[in-house]
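Visitor: I am new to this structure. Could you walk me through it, one question at a time?

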Amino acid sequence: MNIVFTARKSSAVFNAIKGNFTGPNDLNLILGKGTRVEVYLVGRDGLKMVKEFGLYGEIACMEPFRPPGHDTDMLLLTTTHYQMLTLSLNLSNPETDSGSAHFSITSDSLLDLRDRHARPADDGQIVIIDPTSTLICCHLYQGLLKCVTVNPSAPRPNDNTSGSAPRSIASALKASRIVDKTFLDQFNVPIEEVTIMSMVFLHGCHRPTLAVLYQDKKEIRHVKTYEFDLKKKEKVETGWIQSDLSGARTCVAVPAPIGGLLVVGEYTISYFNPAQHSEPRSIAINASILQCYERVDERGDRYLLGDHTGMMYILVLITQPAPALSSGLQVKDLKFEFLGTTSIPEAIVYLDNNHVYVGSHLGDSQLVLLHTDPDAEGEYIEVAETFVNIAPIADFDIVDLEGQGQGQIVACSGAFKDGSLRIVRSGVGINDRAVLDLPGIKGLWSLKQNLESSSENTLVMSFLDSTRVVSVTQESEMVQEELEGFETNSSTLLCGNVRGGLFLQVCSQSVRLIAPSQHIQAGLVAEWKPAQGQQISIATMNATQCVLAVGGKTLVYLDVGSEAIKEVGRRTFENDIACIDVSAIIPSSPLSSQVCAVGLWTDIKVSLVRLPTMEILASHDLPGEILPRSLLLARFEGVPYLLAGLGDGQLLTFALDPFLSSLPVPKRISLGTQPVLLRPIAAGQNSGSSCNVFACSDRPTVIYSSNRKLVYSNVNLGQVETVASFNCDAYPNALAIVGSDESAVLRIGSIDEFQELHVQTFPIVESPRRIAYLAPHKCFGVLSIGLLQDEQSIGGVSMPDAEEEVGYLRLHDDQTFDLLTTYKLQPGEDPQSITAVTFTGDSTRYLAVGTAEEVEQEDKVDDAVPTRGRILVFEVLENGQLQLAASTVVKGGVICIKEFQGMLLCGINEHVCMYSWKAENTSAESKLSLECTHRGFTFLVSLAVQGEFILAGDLMKSMTLLRYKTAENKIEEIARDTSMDMLCTAEAIDDETFIGANNNGSLYTLIKNTDPTNEDAGKQLQWSGGWNLGEPVNRFKHGTLVMANQDGDAPAVPKLLFATVSGTIGVIATLTPERYELLHQLEVNMTKVIKGVGGLDHASWRRFRSDARVLESTNFVDGDLVELFLDLNQDEINEVLEGAEGGERLTASLEEVTKLVEELSRLH
């Protein structure tokens, strides 16, 4: 029983449109990302996302749709399950920063366009809207057009919604529904053209006129037009047709007053106007696949086009007045020019003021600016903003690159020139704003002008025997300051702001109260010194109090809040004081604390001391012999805590009572291996009124609270010695960070949002296919495919010929990702699989690579099945170079390869083969020895290893469980799935449970039959559960991206990560039967309260689907839906708990459900 979460949402852009959706004067960009929609508002400052929402369906087509009489556009969508819906979007107050809180969605219409007896169109769905918005025409099935007529008096969205803000975030999706008032009727129209490539409605026609680009049985392409008679619900041929359109791919309708259409091909672009009966106009272009286009202006004489290599062009229609008998304009010529290079586009949207959005599936999406003059490289394009896209993820590995005890994904992302390696990690990202070489910093504090100020423009840096004070100007320059009364000739133990606009400096010999230069008493105001012969060893302070450790064992409490220093109390302990803290955390007393936390050395305990009486309120003995090195009193979301950092990298957290009078049993978590220094910070989006704590160590961590639970996020830095908030004018919301002595730098950086997945990009400018980590050599082996451009000479002129794919094995450094070395495969040889392997009897860690090659044969039937391949074993030498240690030619492609018990397990077409290593053989061709083979498959696409078991995934025959019998040296079949599902990838969850992903985007689990009723039942893998994810999965891998739960009572156990073609990274965690029953009922109850956008049904969407069957979802829980429970308001929570609208009352209490969902949300 499993629960599925989305750790990172899909990032690939498949659809992009613009229109006035959220208001008559709003210009919106809307993106379709598989099962998600993102709504942006276009303004002076660029693109601002105002809402993103998910659909219970995968988007096939997306168009702006404005019914007659409306002043805003609707969003028209069709799904891959042949549903059509229209949505009205309302943004009631777009000027506020929290515009999404006022966003509402009205679901206008939902149509079922399925036809159970028709065959789906080979080239996907086409949906077009008549220019008068009276007819919508869909080509979903071969030989059939689905037509929908529009209600000319369709109600406006404002007639049915109040425009008020939704009750909660979740209720924004609980959209009101107008049942089928947008559309009048739908009807089918047969069409004899089977292979339709593109179709458009022509402008300026009396009746809806359809232009169809199609390919006949002889693969000749034509374009012809039809007129629709809406009364008779039929189409009529107009008699206009153009044939022999070689390479034609797309039709583009040209608006009035020009009219007509463009036919865009691979070699020419042609303009036709059936109404004017004018001569076609054509222009030749270099061979290119122009896969998307965008009209620049309403007149329709300029078009942007993007090709499959990322080149953007502009097509200009040069017009003249039409002849006297015709109206409008006539095209007399076409002009086609290269503008520049972008990401490989999936969609192009011209926004405004020469800004263009380029949406990409294979690379990062971009906002580009068009210039009238070329740059130094002759291009007219400037990239203004980049939107990270990690899709498609062909493969990934999970490693701990920074030694922080937390996994990171290194993914093969993108394709062709946009191919890259991406590091995806959970935690906090620090973006460097300035890095200064300042070795020897021992302490660091920031100062404000006064306590009320939010800006910190001054830094105090303590060195071994001196102190420096620097300020940062608005020009980002650091200037050394001389503060009168400030001790600079000795090391500083503590510095900070106190009441009255004063500074407090604590050195080993004195406590100094200092007034800044603008103060009426500038300079030293007061000073306190310990008794002669004693020194101050440790200090802590707040706005009015300072507590010191004097002479090692004496705790001294000073009042510093009245422009004087007064000793209020002292207490001597039997043992030396290790650490202290007096942070003010009671809301009713923000400038002072009632207690001081004290950590002791010899008896290794933590105590709470009441101020000012100095009596001990509570003590807690720490386990073991590790000393406390840092204490911090902090308040997270209203809950007071005492944090104790230990010398071995452990952190103890005490949840205190409201009166701070007792110390309960703490919780323990490992943050690193070095002593932990705790410093409060206020930076990033999580600062606000809640506390954030930076734990300095060899694995620095930010501690914050989410839903009243402490969360620990690793920081993308190495060793950190100390840190201070530094919100100055030059670097807003920044941190000043001191690294280890080896780095000797002061880093000033801004902090990202906490607990996000952060992405680093390393371009490789080719298609990465597979990746494996070679730990001993600290490098990655990456299989990739590059394109080489062949040239041929025609008449003495060099012309580009066909592109040749070349396969490579490349080694990349695991820190810098610099290219170390390359091995080029043979011509026509495709890299397929890679693994790191250590063979029995040989301690060397090798890289094993599988390849595939198609060899022409006279009797060859299936071009898709490779006929030959190689197994290559590489050794990485000390100089980082690759040496081929073994090479074996096999009959078929080595599609998958795994390390197995000191041997090499290979999936070669329909065979599972086991190879052993013969180190004594000197020939590279004889070092791999075939031990055994198992047949009985169609085409292997996946292998997984779980102990002695082997899980084989077959393209046509689902999953088969095998076992290697060492004594008999054979692979035997244990059980197989008889369902014949088409598989994409598979993995073993554990010894008993196996998961697969099919070509329809569904997941399913199988289990071994441990109690068979007969012999045949024991040989079958039993169906355990199925669930529709909605997008194809490319890879499963064991691992997690978050720190392990330290409480020992995790609500679910994360088992696998998965990655998809659209860039989604997901988590699969296992549940106990009891937890599953509770969460499943919670999920069902929530579907009754949170309705699907557009009326789409959650249960229908999550049904398991394959080519042969559809089954209800079982034994899977939708984690993303369950997490929305935390966003519900109280009324909605009550409905969920009570099981409103046909649900069942939950057996758990509100507190139990909330705690469970909060803990689940931290699994990713």
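Guide: One definition comes before we start: helices (H or I, at least four residues) and strands (E, at least two) are DSSP runs, numbered from the N terminus. Keep in mind that this is a predicted model.

Visitor: How many helices and strands does the chain have?
Guide: Both kinds of element occur in the chain. The helices number 6. The strands number 87.

Visitor: What radius of gyration does the chain have, and what would a compact globule have?
Guide: The chain has 1164 residues, so a compact globule would have a radius near 32 Å. The chain agrees with that, at 34 Å. Along the principal axes, its C-alpha atoms fill a box of roughly 110 × 80 × 75 Å. So the two radii asked for are 34 Å for the chain and near 32 Å for the globule.

Visitor: What percentage of the residues is buried?
Guide: Buried means under 20% relative accessible area. Of the 1164 residues in the chain, the buried ones make up 56%.

Visitor: Which residues have the most contacts inside the largest nonpolar core?
Guide: This core has 65 residues. Helix α2 (residues 1073-1089) gives the largest share, 6 residues. Leaving aside neighbours within four places in sequence, L1082 is in contact with V1122, F1125, V1136, L1146, V1153 and V1157. The residues with the most contacts inside the core are L1082 and F1125.

Visitor: How many residues does the second core have?
Guide: The second core is separate from the largest one. Among its members are V912, M914, A952 and L1006. Its residues number 32.

Visitor: Where does D842 lie?
Guide: Two strands frame the position of D842. They are β66 (829-838) and β67 (845-853). D842 lies in the loop between them.

Visitor: Which side chain of opposite charge is nearest to D842?
Guide: D842 is buried, yet has no salt bridge. A salt bridge needs a nitrogen and an oxygen within 4 Å. The nearest side chain of opposite charge is 6.7 Å away, and it belongs to K927.

Visitor: Which side chain makes a polar contact with the side chain of D842?
Guide: A polar atom of the D842 side chain lies 3.0 Å from the backbone nitrogen of T844. Not counting residues up to four places away in sequence, D842 also touches W917 and A919. The side-chain partner in a polar contact, at 2.7 Å, is Y846.

Visitor: How many salt bridges does the structure hold?
Guide: Side chains of opposite charge can pair when their charged atoms come close. One network of salt bridges links K9, K33, R36, E38 and E52. In another pair, D112 and R114, the closest N and O atoms are 2.6 Å apart. The structure's salt bridges number 43.

Visitor: How many residues apart in sequence are the parts tied together by D229 and R207?
Guide: The side chains of D229 and R207 meet in a salt bridge of 3.6 Å, N to O. D229 lies in strand β16 (residues 221-229), and R207 in the loop between β14 (195-201) and β15 (209-215). So the pair ties together parts whose separation in sequence is 22 residues.

Visitor: Is D301 buried or exposed?
Guide: D301 forms a salt bridge with R299, at 3.3 Å between the closest N and O atoms. R299 is partly exposed, with a relative accessible area of 40%. For D301 the relative accessible area is 14%, under the 20% cut-off. D301 is therefore buried.

How values were computed: Residues numbered from 1 in each chain as written. Predicted model: local features only at pLDDT ≥ 70, side-chain atom pairs only at ≥ 80, totals over all residues. Heavy atoms only, no water. Buried < 20%, exposed > 50% of the residue type's maximum accessible area, 1.4 Å probe, protein only. Lys, Arg positive; Asp, Glu negative; His and termini not counted. Polar contact = N/O pair within 3.5 Å; in protein donor to acceptor, adjacent residues only side chain to side chain. Contact = heavy atoms within 4.5 Å. Core = buried A, V, L, I, M, F, W, Y, C linked by side-chain atoms within 4.5 Å. Rg over C-alpha atoms; globule rule 2.2 N^0.38 Å.
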